[in-house]
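Trainee: I should like to understand how the descriptive terms applied to a structure are justified. May we go through them one at a time?

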Amino acid sequence: MEYRVAALLFVSLFAFTAAEPVTFIDCGSKEGKILTIEVNPCPKQPCELKKGQSYSVNVTFNSEIESKTSKAVVHGVVAGLPVPFPIPNDDGCKSGIECPIQKQKTYSYVNQLPVKAEYPCIKLVVEWELRDDSNNDLFCVKFPVQITS
């Protein structure tokens with residue numbers, strides 16, 4: 001009986017802390033196809049991002065081209081206006097992707113989304129692009145978030 005309770009508790013804790021797939025909009029992926037996006041932690045949507053914390057973003061996608069490099073560009077879209085959202089490392093080849101990127105291969109891009117303490121409490125849309133050698137989007141994804149204190 002104790003084994004069942006411990007197993008149920010473990011499964012419940014795992015389910016609570018595991019990243020859930022996030023609802024997203026493809027905003028123009030020309031050179032790839034997005035399979036899933038996860039933000040961790042994000043137990044409910046829109047994801048609540050607390051000031052002063054960092055969040056893991058994982059985008060799994062298929063590449064339809066070859067590219068020697070990849071570069072991430074992130075914006076917060078507020079009232080329809082894109083505002084640059086700096087990330088610690090914009091080099092996709094240092095974010096879970098083995099470069100050169102090959103055609104018809106699946107990749108998991110993983111990076112951190114730091115939420116600075118000076119950001120206002122606001123609802124916005126994160127627009128995350130990963131660009132290839134020719135500055136075309138391997139993926140472009142938009143997902144809603146809420147910055148909280």
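Trainee: Why is Cys 27 called partly exposed?

Mentor: In this predicted model, Cys 27 has a relative accessible area of 25%. Partly exposed covers the range between under 20%, which is buried, and over 50%, which is exposed. The value for Cys 27 lies in that range, so Cys 27 is partly exposed.

Trainee: How do you know that a disulfide joins Cys 27 to Cys 140?

Mentor: The S to S distance of Cys 27 and Cys 140 is 1.9 Å. Since a disulfide requires sulfur atoms within 2.5 Å, the pair qualifies. With -95° about the S-S bond, this link is left-handed. Cys 27 lies in the loop between strand S2 (25-26) and S3, whereas Cys 140 is in strand S10, 113 residues apart.

Trainee: What makes Cys 140 buried?

Mentor: Its relative accessible area is 2%. Buried means under 20%, and therefore Cys 140 is buried.

Trainee: Why is Glu 127 counted as buried?

Mentor: The reasoning is the same in form. Glu 127 has 15% relative accessibility, and the limit is under 20%, so Glu 127 counts as buried. Glu 127 is found in strand S9. Leaving aside neighbours within four places in sequence, the residues in contact with Glu 127 include both Cys 27 and Cys 140.

Trainee: How many disulfides does a search of the whole structure find?

Mentor: The search finds three. Besides the link already discussed, a disulfide joins Cys 42 to Cys 47, with S to S 2.1 Å, and another joins Cys 93 to Cys 99, with S to S 1.9 Å. With the bonded cysteines numbered in sequence order, the pairing reads 1-6, 2-3, 4-5.

Trainee: Why is the disulfide of Cys 42 and Cys 47 called left-handed?

Mentor: The torsion about its S-S bond is about -95°, so the disulfide is left-handed. The link of Cys 93 and Cys 99, with -80°, is left-handed too.

Trainee: Are Cys 42 and Cys 93 buried or partly exposed?

Mentor: Cys 42 has 4% relative accessibility and counts as buried. Cys 93, at 24%, counts as partly exposed, because buried requires under 20%.

Trainee: Which residues have the most contacts inside the largest nonpolar core?

Mentor: They are Val 39, Phe 61, Tyr 109, Leu 113, Trp 128, Leu 130 and Phe 139, in a core of 33 residues. Strand S10 gives the most to this core, with six residues. Leaving aside its neighbours within four places in sequence, Leu 130 is in contact with several residues, among them Phe 61, Tyr 109 and Phe 139.

Technical notes:
Residues numbered from 1 in each chain as written. Predicted model: local features only at pLDDT ≥ 70, side-chain atom pairs only at ≥ 80, totals over all residues. Heavy atoms only, no water. Core = buried A, V, L, I, M, F, W, Y, C linked by side-chain atoms within 4.5 Å. Buried < 20%, exposed > 50% of the residue type's maximum accessible area, 1.4 Å probe, protein only. Helix = DSSP H or I, 4+ residues; strand = E, 2+ residues; numbered from the N terminus. Contact = heavy atoms within 4.5 Å.
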